[in-house]
Amino acid sequence: MQQIVPGLFTFTGLFAGRVYLTEDADGVSIIDTGIASAAPKILSQLRAHGRGPGDVRRILITHAHSDHVGGLPALHEATGAEVIASYVERPYIEGKAAVPVPEPASLPLLARLTWRRLGPLPGTPVDRELADGDVIPEALGGLQAVFTPGHSPGHISLWQPDRRILITGDVIANLPPGGLRPPFAAFTPDMAENWRSLRRLAALDPAVMCFGHGRPLTEDTAARLRQFADRGR
């Protein structure tokens, strides 16, 4: 586990999907859960950090793709933590519906090669629903849900306004070789909406940005995000 800024950490060595931890007054919160095989690694790193499963009070989910909720059933069983997500994503997380994907005919040729239909997930109950603007006061001194649809219908990002920390989920990635990039088209049913969500995030003027895929940004963050978001106009 590596510290990004005081109170905010990222788990390391996970195959796909970033998972974050916040140090809170009543324990810790985990943000997203990676793929299914990530759960044992998360629990192991949690113990190495001096925390046990019982210290996990909340699991926050940005959206219901398998690289973000694959580890949720095992982590929920191990920790008994409250599961928090947007009301739109709830039926997907609970396995009652499959997350929408774009129709392959609408995609560029390269994206069609990676496209696949997504079936329902193994269901995990959602304990607390979030609407746009709702605040989770216990997590990192107050994380606000910012609705950022496009990559999935109920995708949320998480914003800590006092410290200007933004956890983006998959609205944007930070991957080599080019750095900032939009999410993969094959799993993004409304890319135009995703660009609108990106511009909404850029208006927040973040100092720290943590992605679902790629290394966090802690320097020149707001300017880089604004410049990238303008590409989608």
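This passage walks through some strands, helices and single residues of a predicted model.

A good place to start is the open sheet, which is built from five strands in the order 8-9-10-11-14. The pairing in this sheet is mixed. Strand 8 (135–136) and strand 14 (208–210) sit at the edges, and each of them has just a single partner strand, so one side of each is left without a neighbour in the sheet. Further in, strand 9 (residues 143–147) and strand 10 (residues 156–160) run antiparallel and are joined by four bridges. To pick out one pairing by name, Q144 has W159 in strand 10 as its bridge partner.

Two of the loops that link strands of this sheet hold a residue with a slightly unexpected backbone. In the loop between strand 8 and strand 9 there is L140. This leucine has a positive phi of about 55°, even though it is not a glycine. Is L140 buried or exposed? With a relative accessible area of 5%, L140 is buried, since the cut-off for that class is under 20%. The loop between strand 10 and strand 11 (165–167) holds R164. R164, again not a glycine, has a positive phi of about 55°. Its relative accessible area is 33%, so R164 counts as partly exposed.

Strand 3 (residues 20–24) is another spot worth a look, as it has pairing with strand 2 and with strand 4. Strand 2 (residues 8–10) runs antiparallel to strand 3, and three bridges join the two. Here L8 is matched with T22, its bridge partner in strand 3. With strand 4 (residues 27–31), strand 3 shares five bridges, and this pair is antiparallel too. Strand 3 and strand 4 make a hairpin, with two residues between them. Across this hairpin, D24 stands opposite G27 in strand 4. As for how covered the strand is, four of the five residues of strand 3 are buried, which makes it mostly covered. When looking along any such stretch, it helps to remember that side chains in a regular strand alternate between the two faces of the sheet.

Next come the helices. Two packed helices are described by the angle between their axes and the distance between the axes. For helix 6 (residues 191–202) and helix 7 (residues 221–229), the angle is about 150° and the axes are 9 Å apart. How do helix 6 and helix 7 run relative to each other, roughly parallel or roughly antiparallel? They are roughly antiparallel, because angles over 145 degrees fall in that class. The crossing of helix 6 past helix 7 is left-handed. On the helix 6 side, the residues that meet helix 7 are W195, L198, R199, L201 and A202, and they face L225, R226, F228 and A229 of helix 7. Sorted by class, this contact has seven nonpolar residues and two charged ones, with no polar residues.

Helix 1 (residues 38–48) and helix 3 (residues 72–79) give a second case. Their axes come within 8 Å and cross at roughly 40°. That angle makes helix 1 oblique to helix 3. The crossing here is right-handed. A39, I42 and L43 of helix 1 make the contact with A74, L75, A78 and T79 of helix 3. By class, that comes to six nonpolar residues, one polar residue and no charged ones.

Finally, a couple of details at single sites. E82 belongs to strand 6 (residues 82–86). What does E82 touch, leaving aside residues up to four places away in sequence? The list is R57, R58, I59, D127 and R128. E82 has a relative accessibility of 23%, so it counts as partly exposed. From E82 to N194 the separation is 112 residues in sequence, and their C-alpha atoms are 28 Å apart in space. The other detail is a peptide bond: the one from P176 to P177 is cis, with omega near 5°. P177 lies in the loop between strand 12 (173–175) and strand 13 (179–181).

Technical notes
Residues are numbered from 1 along each chain as its sequence is written. This is a predicted model: local features need pLDDT of at least 70, side-chain atom pairs count only at pLDDT 80 or more; totals for chains, interfaces and linings use all residues. Side-chain values use heavy atoms; hydrogens and water are left out. Two strands pair if DSSP finds at least two bridges between them. Axes are lines fitted to C-alpha atoms, for helices over the stretch in contact, and angles run from 0 to 180 degrees between N-to-C directions. Angles under 35 degrees count as roughly parallel, over 145 as roughly antiparallel, 65 to 115 as roughly perpendicular and the rest as oblique. A crossing is left-handed if the near helix is turned anticlockwise from the far one by less than a right angle, and right-handed if clockwise. Contact means heavy atoms within 4.5 Å. Ala, Val, Leu, Ile, Met, Phe, Trp, Tyr, Cys and Pro count as nonpolar, Asp, Glu, Lys and Arg as charged, and the others, Gly among them, as polar. Buried means under 20% relative accessible area, exposed over 50%, partly exposed in between (1.4 Å probe, protein chains only).
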